[in-house]
Amino acid sequence: MVSIVRFAGTNCEFDMQYVYEKLLQIPTAIIWHKEKSLPRETKLVVLAGGFSYGDYLRSGAIARFAPIMKAIKAFGDSGGRILGICNGFQILTEARLLPGALMRNHNLHFISKATPLRVACRDNVFLHPHTQDEIISLPVAHADGRYHIDEKSLEAMQESGQILLRYVDNINGSIDSIAGICNKDKNIFGLMPHPERACEPILHKRARYAAIRHTYATQAAPKPAASTQGLAMLESIYKA
């Protein structure tokens with residue numbers, strides 16, 4: 001079972017539930033943030049995207065104190081797999097389940113577009129379906145996506161294969177162009193791009209339509225996300 005956590009302000013939980021239940025035929029449960037335990041059948045915990053608690057103080061700063069977080073931390077400490085996407089990634093860093101922090105984008109703007117990414121390390125259950133240095137494309141939608149960490153910790157992460165994805169074009173000013181990471185034990189994962197938004201061909205068509213409109217307005221079309229590149233990631237982290 002995939003336990004998808006819903007905080008006040010989460011808005012991608014049903015997208016994630018759709019992918020796992022309808023596309024991958026994997027059972028799910030939506031877990032309210034005031035719960036104090038996870039279902040016994042839980043194999044994967046997902047912290048979906050959104051704006052938990054309105055992003056007040058800092059993105060994810062309030063959510064880290066939710067009652068369910070104690071159970072999530074215990075789940076991760078025991079080797080359970082946890083995935084944080086966008087706001088979920090921010091929550092995991094605030095809760096110190098992942099190193100570093102997510103800060104305001106360098107241009108101070110909200111960024112929403114399909115973005116090319118380079119696979120930095122595939123030696124993990126999340127990116128195992130991909131090849132080393134493969135270029136993939138996933139949508140992003142964030143204002144606080146600039147990853148930061150001190151130089152010494154960054155070097156340690158590089159050596160231990162904790163950097164999973166890098167932006168081909170560093171869209172938000174992240175250190176080392178980092179778009180996604182994992183913990184040292186490689187059972188807790190976080191990324192700013194949204195794989196659940198690149199799981200069906202129809203989403204690719206919508207991205208192409210958005211690109212056409214963008215081209216008309218600016219004469220510079222972004223690349224649309226490949227149709228199902230996110231699906232393999234979400235399946236692998238559960239089944240691998």
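Buried here means under 20% relative accessible area. By that cut-off helix α6 is mostly covered, with eight of its eleven residues buried. Keep that helix in mind; the tour returns to it. Note too that the model is predicted.

**The whole chain**

Start with everything shown as a cartoon. The secondary structure comes to six helices and eleven strands. Now colour by burial. Of the 240 residues, 52% count as buried. Switch on the surface. The protein exposes about 11300 Å², and carbon and sulfur atoms supply 52% of that area. Next, think about contacts along the chain. Among those with a separation of 6 or more, 75% join residues 24 or more positions apart.

**Stop 1: helix α6**

Select residues 229-239, which form α6. Show the side chains. The buried residues are Gln229, Gly230, Leu231, Met233, Leu234, Ser236, Ile237 and Tyr238. What covers them? The cover includes helix α1 and the strands β1 (2-6), β3 (44-47), β4, β7 and β11 (188-191). Show these elements one at a time around the helix.

**Stop 2: α1 against α6**

Add residues 13-23, helix α1. At what angle do α1 and α6 pack? The angle is about 75°, and the axes lie 11 Å apart. Angles of 65 to 115 degrees count as roughly perpendicular, so α1 and α6 are roughly perpendicular to each other. Now pick out the residues that make the contact. From α1, select Met16, Val19, Tyr20 and Leu23. From α6, select Leu231, Leu234, Ile237 and Tyr238. Colour this set by residue class. Eight are nonpolar, none is polar and none is charged. Leu231, Leu234, Ile237 and Tyr238 also appear among the buried residues of α6.

**Stop 3: helix α3**

Move to residues 87-94, helix α3. Eight of its eight residues are buried, so α3 is largely enclosed by the rest of the structure. The buried residues are Asn87, Gly88, Phe89, Gln90, Ile91, Leu92, Thr93 and Glu94. Zoom in on Gln90. Its relative accessible area is 5%, so Gln90 is buried. Which residues does Gln90 touch, leaving out those up to four places away in sequence? They are Ser59, Leu102, Asp144 and Met192. Display those four as sticks. Then follow the chain out of the helix. Arg96 comes after α3 and has a positive phi, near 65°.

**Stop 4: Cys86 and Cys12**

Step back to Cys86, in the loop between β4 (81-85) and α3. Its phi is near 55°, a positive value in a residue other than glycine. Most residues other than glycine have a negative phi. Is Cys86 buried or exposed? Cys86 has 5% relative accessibility and therefore counts as buried.

Now add Cys12 and look at the two sulfurs. A disulfide is a covalent bond between the sulfur atoms of two cysteines. The test used here asks for sulfur atoms within 2.5 Å. By this rule the count for the model comes to zero disulfides. Cys12 is in no disulfide, and the nearest cysteine sulfur, that of Cys86, is 7.1 Å away. From the other side, Cys86 is in no disulfide either, with the sulfur of Cys12 as its nearest, 7.1 Å away. Cys12 is buried, with a relative accessible area of 1%.

**Stop 5: Asp133**

Go to the loop between β6 (111-119) and β7 (135-142), and select Asp133. What is its phi? Asp133 has a positive phi of about 70°, although it is not a glycine. At 43% relative accessibility, Asp133 counts as partly exposed.

**Stop 6: Thr42**

Finish at Thr42, in the loop between β2 (28-32) and β3. Thr42 is buried, with a relative accessible area of 11%. Which residues is Thr42 in contact with, leaving aside its neighbours within four places in sequence? Select Met1, Ser3 and Phe75. Then draw a line from the C-alpha of Thr42 to the C-alpha of Thr28. How far apart are they? The two threonines are 14 residues apart in sequence and 8.6 Å apart in space.

Note on methods
Residues numbered from 1 in each chain as written. Predicted model: local features only at pLDDT ≥ 70, side-chain atom pairs only at ≥ 80, totals over all residues. Heavy atoms only, no water. Axes fitted to C-alpha atoms, helices over the stretch in contact; angles between N-to-C directions. Helix = DSSP H or I, 4+ residues; strand = E, 2+ residues; numbered from the N terminus. Parallel < 35°, antiparallel > 145°, perpendicular 65-115°, else oblique. Contact = heavy atoms within 4.5 Å. Nonpolar A, V, L, I, M, F, W, Y, C, P; charged D, E, K, R; others polar. Buried < 20%, exposed > 50% of the residue type's maximum accessible area, 1.4 Å probe, protein only. Areas by Shrake-Rupley, 256 points an atom, 1.4 Å probe, with all protein chains shown as cover.
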